[in-house]
Amino acid sequence: MRTTEIKIGIGEIDIDEEYFSFEYKIFVNGELRTEGEYQDSHDWGDSKKSIKEFKKILEDRLAVELALENF
């Protein structure tokens, strides 16, 4: 059986009332394969609570999923 190790590093997540972004790096078997910045808009509203909730979702899983989509 062959195994592949994939590691994804997510940098600081920045969110304002309309947009969010973060830097990412993807390593495959210890080798840096790609890096970049993900940017997009969001519709989570402009309240501090909404932005905080969205940031938590990004930190928990969504940022990793979005970085993998760009891989």
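**Lysine 55 is partly exposed in this predicted model, with a relative accessible area of 27%, and takes part in a salt bridge with glutamate 12.** The closest approach of the two side chains is 3.6 Å from N to O, where a salt bridge requires a side-chain nitrogen of Lys or Arg within 4 Å of a carboxyl oxygen of Asp or Glu. Because glutamate 12 lies in the loop between β1 (6–10) and β2 whereas lysine 55 belongs to helix α1, the pair ties together parts that are 43 residues apart in sequence. Glutamate 12 is itself exposed, at a relative accessible area of 56% (buried is under 20%, exposed over 50% and partly exposed in between, with a 1.4 Å probe and protein chains only). Residues are numbered from 1 along each chain as its sequence is written, and side-chain values use heavy atoms, with hydrogens and water left out. As the model is predicted, local features need pLDDT of at least 70 and side-chain atom pairs count only at pLDDT 80 or more, while totals for chains, interfaces and linings use all residues.

**An overview of the chain shows one helix and four strands.** Read from the N terminus, these elements follow the order β-β-β-β-α (helices, H or I, of at least four residues and strands, E, of at least two are DSSP runs, numbered from the N terminus). Taken along the principal axes, the box filled by the C-alpha atoms comes to roughly 50 × 20 × 15 Å. Of the 71 residues in the chain, 24% are buried.

**Phenylalanine 20 and phenylalanine 54 form one of the four aromatic pairs in the structure.** Their ring centres are 5.1 Å apart and their planes meet at 85°, so the pair is edge-to-face; rings of Phe, Tyr and Trp (its six-membered ring) pair if their centres lie within 6.5 Å, and planes under 30 degrees apart count as stacked, over 60 as edge-to-face and the rest as tilted. Phenylalanine 20 sits in strand β3 (residues 19–28) and phenylalanine 54 in helix α1 (residues 48–69), so this contact ties together parts that are 34 residues apart in sequence. Both of these phenylalanines are buried. Ring pairs extend the picture into a cluster that links Phe20, Phe22, Tyr24, Tyr38 and Phe54.

**Leucine 58, a residue of helix α1, is shown together with phenylalanine 22.** With a relative accessibility of 1%, leucine 58 counts as buried. Although leucine 58 and phenylalanine 22 are 36 residues apart along the chain, their C-alpha atoms are separated by 9.6 Å. Phenylalanine 22 is also a member of the aromatic cluster described above.

**Arginine 61 and glutamate 65 form a salt bridge within helix α1.** Here the closest N and O atoms are 3.9 Å apart, and because the two residues are four positions apart in the helix, about one helical turn separates them. Both ends of the bridge are partly exposed, arginine 61 having a relative accessible area of 46% and glutamate 65 one of 39%. The whole structure contains four salt bridges, and another of them joins the side chains of arginine 33 and glutamate 31, at 3.8 Å from N to O. Arginine 33, with a relative accessible area of 47%, is partly exposed, as is glutamate 31, at 48%.

**Acidic side chains gather in a patch of negative charge on the surface.** The patch holds Asp14, Asp16, Glu17, Glu18, Glu23, Glu35 and Glu37. Patches are made of residues with over 30% relative accessible area and no salt bridge, like charges being joined within 9 Å and nonpolar side chains (Val, Leu, Ile, Met, Phe, Trp, Tyr) within 5 Å. Lys and Arg count as positive and Asp and Glu as negative, without His and the chain ends, and each charge is placed at NZ of Lys, CZ of Arg, CG of Asp or CD of Glu. Among the members, glutamate 17 lies in the loop between β2 (14–15) and β3 and is partly exposed, with a relative accessibility of 47%.

**Ile6, Val64, Leu68 and Phe71 make a nonpolar surface patch.** The patch covers about 340 Å², with accessible areas taken from the Shrake-Rupley method with a 1.4 Å probe, only the protein chains shown counting as cover for residues. Leucine 68 belongs to helix α1 and is partly exposed, at 37% relative accessibility.

**Asparagine 29 has a positive phi, near 50°, in a residue other than glycine.** The residue is placed in the loop between β3 and β4 (31–41). Most residues other than glycine have a negative phi.
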